[in-house]
Amino acid sequence: MLLNQFLILGALLFCMGVYGVLTRKNAVMVLLSIELILNSVNINLLAFDAMNGNSDGNVFALFIIAVAAAEVGVGLAMVLLIFRNRKNISLDDLSEMKG
Amino acid sequence: MVLASDIQVAQNVGFAIIALMMIIAGVGVIAARNVVHAALSLVVVMAGAAANYVLLSAEFVAVTQVLVYIGAVMVLFLFGVMLTRAQVGKDAELNNKNAVVAAPVALLLFGVLAYVLLKGFSDDKIAATTGNGAKPQDTAVISDLIFKPYLLPFWALSFVLLAAVIGAIVLARKD
Amino acid sequence: MFAEAEATHAAGWFLEHAWLIPVIPAVAFFLIIFFGKKMPRGGSEIGIAAMLASFVIAAGATYQWIQWTHHSEEAIDKTLTWWSSGPLKFSIGQHIDGLAVMALVLVAFISTLVQIYSTEYVRGDRRYTHFFASLTLFSAGMLAMVLAPNMVQFVLGWEIMGLCSFMLIGHWWEEEANARAALKAFFTVRTGDMGLLVGTAMLLAVFGTLDIGGEHGINAMAAAGEFDSKSMLMWTAVALFIAAIGKSGQFPLHTWLPDAMAGPTPVSSLLHSSTMVVAGVFLVARIYPVFHIGLDINVAGHHFNFIAVIGGITILIAAGLAFVQNDIKKVLAYSTVSQLGYMMMGLGVGAWMPAVFHIFTHAFFKCCLFLCAGSIAHTGSHHSFDMKTDMGGLRKKMPVTFVTWVISTAALCGVPFFSGFFSKDEIIDSAHANDYTVFWIIGLIGAFMTTAYMTRATYLTFFGKARGGAAHFVDGHEDHSHDAASDEVHHDVDGLDTHAHPVHDDHHAPLNHGKPLPFAPDDSPWQITAPLILLSFLALVAGYLNAAPFHWHSFEHWLESSIGLPIGEGGIPEPPAFEWVNALPSIVLVLAGFAVSLFLSKKVFFNDEKSPFKGLTERNSLLGAGHRFLVNKYYLDALYEGVIVKSIAHPIAKAAYWVNQNVLDGVVNSVGITGRRTGEWVYRNVDQRVVDGAVNGSGATARGAGGVLQPVQSGKVSMYGALLFGAAAVGALVLVLVNS
């Protein structure tokens with residue numbers, strides 16, 4: 001197997017995730033796209049690990065999974081809070097930073 | 001140059017099937033008109049990723065991926081979908097009008113990444129397939145790494161999780 | 001427990017256990033926080049005891065280091081692996097050499113005195129315990145930084161100091177100005193701190209290690225040329241020097257230091273004059289080979305380098321600013337900035353030893369000056385620091401404060417045979433000898449200006465007629481320092497006074513003062529005057545440790561192994577041989593500064609209402625403009641807050657608005673003044689047509705630019721995300737194209 005087949009797959013998933021983050025309006029959907037990005041990173045880490053024959057990347061992949069779990073927890077809590085206050089979770093309506 | 005002995009037909013065919021599945025499901029995640037469909041597509045992507053980890057002989061991470069991601073994170077997501085009373089059916093309001101900007105940005109990003117990757121790792125092979133040092137990642141090795149050299153990051157991560165748990169409770173509870 | 005890095009023969013208990021010096025105050029900090037409120041003296045006794053213990057160990061270490069230098073030049077390293085991440089290991093411990101020992105004993109000593117002083121100065125404060133806790137933690141941070149064996153511990157101490165500085169400047173945060181000053185100090189210093197983080201990471205990249213000492217430390221490898229890329233080393237030095245600029249208040253990030261005077265005076269004296277602000281200088285001195293080689297110091301044919309230029313500019317602009325301040329603490333603050341400029345310039349011209357010696361002497365006299373200012377405010381002027389409205393004529397009433405002030409001022413000005421003379425004059429002398437003529441001249445001008453502004457401040461404070469708060473103290477109410485009831489009266493009078501006091505140091509303390517020293521019954525209590533006496537004594541004698549005129553070089557002998565570079569060929573130049581002829585220009589200029597300033601002070605401020613100098617700045621437009629320029633601190637604050645801060649919040653539209661408001665209005669104003677002077681023709685043509693046209697035109701341009709760019713600030717997160725990823729992709733593309 002070539003290293004690149006995994007890396008290109010990772011890159012493709014990453015760019016899909018970026019596209020999703022940018023186009024989705026619903027906050028839950030944005031979080032889903034972020035998971036896509038995180039997964040693509042994990043694929044990269046493990047591919048490099050397999051190439052170099054060591055295990056450091058596995059450790060980082062596990063860390064990323066843990067961080068992703070934490071991120072989803074906090075992210076969904078925030079979405080719930082926004083939903084409770086505004087009765088919708090459309091990110092486009094959150095434009096308090098308009099200059 | 002690729003030797004005949006290096007080509008592992010079974011793995012490559014497996015990879016092709018998994019990758020295709022992941023890409024289709026990935027498109028589903030970012031394009032589905034239905035929140036639940038998108039979430040279920042993400043399950044497929046994650047399962048595909050786990051299968052890839054097995055191909056890369058990282059069984060422990062693959063199992064963790066299934067347990068944590070598909071088991072826990074996805075359930076959380078479905079909870080989120082239900083609690084925010086998003087429409088379970090089709091929802092035209094799911095996307096904003098940024099596709100005009102987002103598509104070129106994503107394509108440019110992919111173009112740059114693909115160019116760099118193809119140029120940088122043109123035909124580097126994965127050690128597991130070249131015969132030398134082809135051994136599955138031993139879980140004992142990973143635990144040795146986590147609890148010796150990476151102990152401090154591990155602690156930091158524990159605090160992140162703790163903070164996230166407390167933060168999620170504080171944010172989401174109703175007073 | 002401690003793995004000895006090098007096999008050392010017994011170096012003595014104090015040197016082996018120098019790591020206790022920061023540990024004791026660190027432990028004390030937690031004790032004060034948890035138990036301080038329950039203690040009879042609110043936790044101050046823990047702080048003082050801890051600092052005394054640290055000082056005793058530091059003094060013992062100093063003695064043993066002096067013994068040690070008779071037979072060895074090796075530093076005493078002890079390290080313990082602190083944490084590791086993958087293959088990288090970071091240790092914590094001690095690296096004891098001459099420089100570290102000097103700084104340790106200095107910081108421990110001054111911290112002890114300042115804590116004693118504070119027991120009286122902030123007596124009865126509502127956050128008394130927290131004040132002592134912060135002071136103690138600060139000392140722990142500084143001491144940990146000083147004996148850091150590697151850059152990680154250095155950064156740790158550095159950041160602890162930054163945090164404590166923030167907490168202490170904002171100690172009286174109920175007043176908005178104080179809170180804002182604390183934030184300003186914190187953010188300005190953090191701007192520089194980015195440089196420290198980047199520079200430290202680059203050090204790791206260049207040398208593959210973060211250890212400072214030892215055979216494979218940064219210093220040794222830089223000195224031996226064991227690095228790949230000279231330009232990389234250069235940028236490392238630049239990044240690290242930016243950190244030093246922020247911390248040590250060098251131009252152009254000096255603006256936070258005078259504002260930091262909003263904190264209590266003991267804090268100003270400890271953190272913002274004698275110890276914390278020299279951390280930047282200390283950083284440069286600590287890893288001097290990196291800077292010396294990276295920035296081409298002492299290379300034949302190079303008459304300028306980054307460090308010397310920044311130091312030189314700082315000397316002059318800060319000294320200029322000190323002239324127009326009415327707040328006594330601000331005069332001292334700018335003086336500090338200027339003296340830090342001397343230290344930097346010294347390091348920049350290759351005069352490592354004089355610069356480090358100046359850290360040493362400057363700490364004593366500047367700390368003493370600040371404590372004098374605090375003493376005056378505490379006892380003499382009702383917590384006001386305004387020299388023009390609330391001081392004057394205090395010399396008879398406050399003899400201890402006056403005498404210690406004069407001694408320290410003389411030391412600061414570099415009057416011969418006071419400590420500042422031996423250090424500052426040697427910096428100036430080295431600049432001359434090392435062929436940095438421009439910086440020699442800057443140093444001389446700086447000496448002149450220093451004397452002049454200090455003479456002005458001394459005159460305004462101690463001579464002439466007592467005014468405002470000081471008048472109450474000097475004329476009649478002799479029992480001020482004993483009788484709480486009369487103090488209440490004073491405050492009532494103050495409240496009715498028509499001129500509003502800028503009371504930025506009013507610490508809500510009940511005014512039951514402690515006991516004064518017997519020979520100065522009207523002066524401040526002994527907790528205040530005793531540290532003054534000790535410090536001024538040291539300001540007088542500390543210079544004799546390295547008195548070039550008498551060929552006394554003990555200080556040099558103790559510290560020379562810390563430079564990291566050989567002295568002489570291939571390293572830093574030999575210190576110039578002292579000759580009185582070379583010192584003559586600076587002595588003459590000091591005297592001239594004294595005379596000119598005294599003459600002007602007398603004429604301008606007092607006695608002679610008809611003096612031609614009185615109100616000169618209002619009548620002469622050129623001098624007035626200069627005065628305004630100085631009062632507005634060269635408009636740097638306006639630049640930072642008006643341009644840089646706002647342009648981060650609201651990019652170009654706001655900046656255009658600022659240009660419209662400040663620059664063009666400024667142009668309009670100055671042209672307008674000229675217009676009135678030169679008559680109707682200019683008025684009609686320049687002011688009405690050209691300038692108004694320019695203003696209107698630029699206004700329209702600004703509106704236009706704002707209109708075009710406004711959609712970018714849509715407030716939509718996804719839009720910001722698209723910009724972010726797009727910019728990243730384009731940046732990556734550019735890098736790929738450049739490198740392929």
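**Note on a predicted three-chain model: salt bridges, interfaces and cysteines**

1. In this predicted model, a good place to begin is helix H7 of chain C, where C:Arg180 and C:Glu176 both lie, four residues apart, which is about one turn of the helix. Their side chains meet in a salt bridge, with a distance of 3.3 Å from N to O. As for their surroundings, C:Arg180 is exposed, and C:Glu176 is exposed as well.

2. A second salt bridge in chain C joins the side chains of C:Arg127 and C:Glu174, at 3.1 Å from N to O. Here C:Arg127 lies in the loop between helix H4 (98-121) and helix H5 (128-146) of chain C, while C:Glu174 lies in the loop between helix H6 (151-169) and helix H7 (176-207), so the pair ties together parts that are 47 residues apart in sequence. The two partners can be described separately: C:Arg127 is buried, with a relative accessible area of 15%, whereas C:Glu174, at 37% relative accessibility, counts as partly exposed.

3. The pair C:Lys78 and C:Glu16 also forms a salt bridge, and its closest N and O atoms are 3.2 Å apart. This pair links distant parts of the chain, since C:Lys78 belongs to strand S2 (residues 76-85) of chain C and C:Glu16 to helix H1 (residues 13-16) of chain C, 62 residues apart. C:Lys78 is buried, with a relative accessible area of 9%, and C:Glu16, at 12% relative accessibility, counts as buried too.

4. Salt bridges can also be followed beyond single pairs: C:Glu159, C:Arg190 and C:Asp193 are linked in a network of them. How many salt bridges does a search of the whole structure find over all chains? The search finds eight.

5. Turning to the fold of chain C as a whole, a reader will find 31 helices and three strands in this chain. Chain C has 740 residues, of which 57% count as buried. Among the contacts in chain C between residues at least 6 apart in sequence, 77% join residues at least 24 apart. The accessible surface of chain C comes to about 29100 Å², and 68% of that surface belongs to carbon and sulfur atoms.

6. One residue of chain C that may be inspected in this context is C:Arg467, which lies in the loop between helix H20 (437-462) and helix H21 (468-474). At 16% relative accessibility, C:Arg467 counts as buried, because the limit for that class is under 20%. Although C:Arg467 and C:Thr389 are 78 residues apart in sequence, their C-alpha atoms are 5.8 Å apart in space.

7. Between chain A and chain B, 69 residues of chain A are in contact with 84 residues of chain B. The area buried between these two chains is about 7000 Å², and carbon and sulfur atoms give 76% of it. Of the area that chain A buries against chain B, A:Met1, A:Arg24 and A:Leu32 supply 11%, more than any other three residues. Across this interface of chain A and chain B, the rule finds zero salt bridges.

8. The area buried between chain C and chain B is about 1200 Å², with 75% of it given by carbon and sulfur atoms. The contact takes 16 residues from chain C and 15 residues from chain B. Zero salt bridges are found by the rule across the interface of chain C and chain B.

9. Within chain A, helix H3 (residues 56-86) deserves a look for its geometry: this helix has 31 residues and reaches 44 Å from its first C-alpha to its last, close to the 45 Å expected at 1.5 Å a residue. Just after H3 of chain A, A:Lys87 takes a positive phi of about 65°.

10. Last come the cysteines. A disulfide is a covalent bond between the sulfur atoms of two cysteines, and the structure holds zero disulfides over all chains. Why do C:Cys368 and C:Cys372 not form one? The sulfur of C:Cys368 has its closest cysteine sulfur in C:Cys372, at 4.3 Å, which is too far for a bond, because a disulfide requires the two sulfur atoms to be within 2.5 Å. C:Cys368 itself counts as buried, at 0% relative accessibility. In chain A, A:Cys15 is also buried, with a relative accessible area of 5%.

Definitions and conventions:
Residues are numbered from 1 along each chain as its sequence is written. Chains are lettered from A and ligands numbered from 1 in the order in which they are written. This is a predicted model: local features need pLDDT of at least 70, side-chain atom pairs count only at pLDDT 80 or more; totals for chains, interfaces and linings use all residues. Side-chain values use heavy atoms; hydrogens and water are left out. Buried means under 20% relative accessible area, exposed over 50%, partly exposed in between (1.4 Å probe, protein chains only). Helices (H or I, at least four residues) and strands (E, at least two) are DSSP runs, numbered from the N terminus. The expected span of a helix is 1.5 Å times one less than its number of residues. Contact means heavy atoms within 4.5 Å. Accessible areas come from the Shrake-Rupley method with a 1.4 Å probe; for residues, only the protein chains shown count as cover. Buried area is the accessible area (1.4 Å probe) that two parts lose on being put together, summed over both. A salt bridge is a side-chain nitrogen of Lys or Arg within 4 Å of a carboxyl oxygen of Asp or Glu.
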